[in-house]
Amino acid sequence: MASIPIHQQAAVVEDPGDNFKILLRNDIPVGEPGPEEILVKLTCTGLCHSEVRAVLAWGAYKSIIGHEGVGTVVKAGAKVSPSLMGQRVGVKWLYNACTKCSVCQRGLAHHCPNQLNTSRHVPGTLQQYVVADARFITMIPEGLADEIAAPILCAGLTMSGALAHLDQELKPGDWIVISGSGGGLGHIGVQIAARIKKLRVIAIDSGDAKRKLSLDSGAEVFLDFKTEDVAARVLDLTGEGAHATIVVPGTKEAFQMAPSLVRNMATIVSVGLPPNHMDIPISATICAARGLTIKGSSVGTESQLTELLNLALEGVITPAIGVFELAETPRLIRQLTKDEIMGRAVVRIPVDQ
Ligand SMILES: [Zn+2]
Ligand SMILES: [Zn+2]
C-alpha cells in the first residue's frame, strides 16, 4: 500500500455566506485517526444539497464539507479491529452518536441529540483522506461501484428513512406525492416508493429533464409546479388527495403546498432543509381539523442503508449520477445553490498528491 502523505488535496470553503468561495488546495494536513477511528483514502464523494447550508452559512460547518464519501481504510486506531484495513467503506453524515440516550437505545442513532456529523463537527469528504469513527462507518458491498454507492449514503438513505415513516400507514397502490422528484434525493425516493413499496407516485418538479428522470424512476404522473395547478391535478388524479406526501425541497412554497396535496388523516413527511428561521407554514387549525400528521425525518438507520446498498447492487435502485472531477467542485456547488443539478453530482477524488 502506498505511503500516506503529510499533506493532501481538498476543496475548502472560504467566507461562507453570500460571497462564499471554494478553493482547491494541496496543503491540507492529512488527519490522524484516534483510538476508535480510521483513516479512509477516498475515491469519490457525492455532493448533497445540504452542502448549500454550509456555503451560504445557514449553520456552522467545517471548511471541508461533503458527507457521501467512499474509499478504502488505510490506517486504523489502536482500538479498531485490524480486519478493517483495506476494506471499502462509506463515510456518511452520522460521524457518531452517544449510543446511550433513549433515542440511540431505540436503534435510531441518526436522531441522537448528542450525535456528531461529518462536515459539521468533523471535516468532510471533499478531501483525499478523511478520518471516520470505525463504529459508525458502512461497509460497501462487493461489486457495487463507488460512484453508485456514494449517493446512497445520504440521498438514498434519507428517502428510505422518510418512506419508512409511512410503512404503518400506506399499503401498495396508495398515492404518494414526492416534491423535488428530479433532484438527488427525490428521484431515488420515487424509485423506492414505486419499485419497492409499490405506491402510486405523483412526482412534482420542473423542466423536461426532471420530468424524464421522475418518470424513468417509476412515477406514474409528473406535474410541473411552474406551469401546472398542481393541487387541482393531484385532487383530480386521486379523488380526495394523496395518502401522504414527502416534502423534499427546502422551500417555503413546497411546504405551503403540502396540505393541499393530501387527503384528511394523511401524513406529511418533512425532509427539506430550509434556513433555520423558516417555520413550516401550515395552519394549526387546518392541521387539527383535517387530522394531518407532520413527521420530521433525517437520514435513516444502518439497516435501511445496508438494504438500499444491496438493492443498488441488484440494479433495483439506480441513482442517476453525473461524475465530475474534484476541480469542478466550486462550479457544481454553485449550481446546487441554484437547483441546477439533475440527479446527483459525484466528485472523483484524485488518487495522487
Ligand atoms: Zn446529505
Ligand atoms: Zn444517543
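# Notebook: looking around a predicted model

I began with Ala 258, which is buried, with a relative accessible area of 1%. The model is a predicted one, and I kept that in mind throughout.

**Entry 1: Ala 258.** I looked up where Ala 258 sits: the loop between helix H7 (252-257) and strand S14 (262-270). Next I asked which residues Ala 258 touches, not counting residues up to four places away in sequence. I found Thr 245, Val 247 and Ile 268. I also checked Pro 274, which is 16 residues from Ala 258 in sequence and 15 Å away in space, C-alpha to C-alpha.

**Entry 2: helix H6.** Which residues of helix H6 (residues 230-238) are buried? I got Val 230, Val 234 and Thr 238. These three cover an arc of only 50 degrees around the axis, so they are on the same side of H6. I remembered the rule for this: an α-helix has 3.6 residues a turn, so residues three or four places apart point the same way. Then I looked at what that buried side packs against, and I noted strand S10 (175-179), strand S11 (200-205), strand S12 (221-224), strand S13 (242-247), H7 and S14.

Ala 232 is in H6 too. Buried or partly exposed? Ala 232 counts as partly exposed, because its relative accessibility is 39% and buried means under 20%. I paired Ala 232 with Leu 261: they are 29 residues apart in sequence but 8.4 Å apart in space, C-alpha to C-alpha. Just after H6 I spotted Gly 239, with a positive phi of about 85 degrees.

**Entry 3: the zinc ion.** What coordinates the zinc ion (ligand 1)? I wrote down Cys 48 (SG), His 67 (NE2) and Cys 154 (SG), at 2.0 to 2.2 Å. Along the chain, these donors follow the spacing C-x18-H-x86-C. His 67 and Cys 154 link distant parts of the chain, being 87 residues apart. His 67 is in the loop between helix H1 (51-55) and strand S4 (69-76), while Cys 154 is in helix H3. Both His 67 and Cys 154 are buried.

**Entry 4: a pocket.** I turned to the second largest pocket, with a volume of about 200 Å³. Its lining has 17 residues, and Leu 94, Ala 109, Gly 300, Thr 301 and Glu 302 lie nearest the centre. Which helix gives the most to this lining? Helix H3 (residues 146-164) does, with three residues. I sorted the lining by class and got 10 nonpolar, four polar and three charged residues.

**Entry 5: Gln 191.** I found Gln 191 in helix H4 (residues 184-196). Gln 191 is buried, at a relative accessible area of 1%. Leaving aside neighbours within four places in sequence, its contacts are Ile 196, Ser 217, Val 316, Ile 317, Thr 318 and Pro 319.

**Entry 6: odd phi angles.** Most residues other than glycine have a negative phi, so I hunted for exceptions. Asp 15 has a positive phi of about 50 degrees although it is not a glycine. Asp 15 is in the loop between strand S1 (7-14) and strand S2 (21-29). Ser 119 isn't a glycine either, and its phi is positive at about 85 degrees. I placed Ser 119 in the loop between strand S7 (116-117) and strand S8 (129-133). On exposure, Asp 15 is partly exposed at a relative accessible area of 47%, whereas Ser 119 counts as buried at 1%.

Definitions and conventions. Residues are numbered from 1 along each chain as its sequence is written. Chains are lettered from A and ligands numbered from 1 in the order in which they are written. This is a predicted model: local features need pLDDT of at least 70, side-chain atom pairs count only at pLDDT 80 or more; totals for chains, interfaces and linings use all residues. Side-chain values use heavy atoms; hydrogens and water are left out. On a 1 Å grid over the protein atoms alone, a cavity is a set of points where a 1.4 Å probe fits but cannot get out, and a pocket is an open set with protein on both sides within 12 Å along at least five of seven lines; lining residues have an atom within 4 Å of a point. Grid points are joined across faces, edges and corners, and a volume is the space filled by probe spheres set on the points. Helices (H or I, at least four residues) and strands (E, at least two) are DSSP runs, numbered from the N terminus. Ala, Val, Leu, Ile, Met, Phe, Trp, Tyr, Cys and Pro count as nonpolar, Asp, Glu, Lys and Arg as charged, and the others, Gly among them, as polar. Buried means under 20% relative accessible area, exposed over 50%, partly exposed in between (1.4 Å probe, protein chains only). Contact means heavy atoms within 4.5 Å. The arc is that of the directions from the helix axis to the C-beta atoms. Donors are N, O and S atoms within 2.8 Å of the metal (3.2 Å for Na, K and Ca); water is not among the atoms, so sites may look incomplete.
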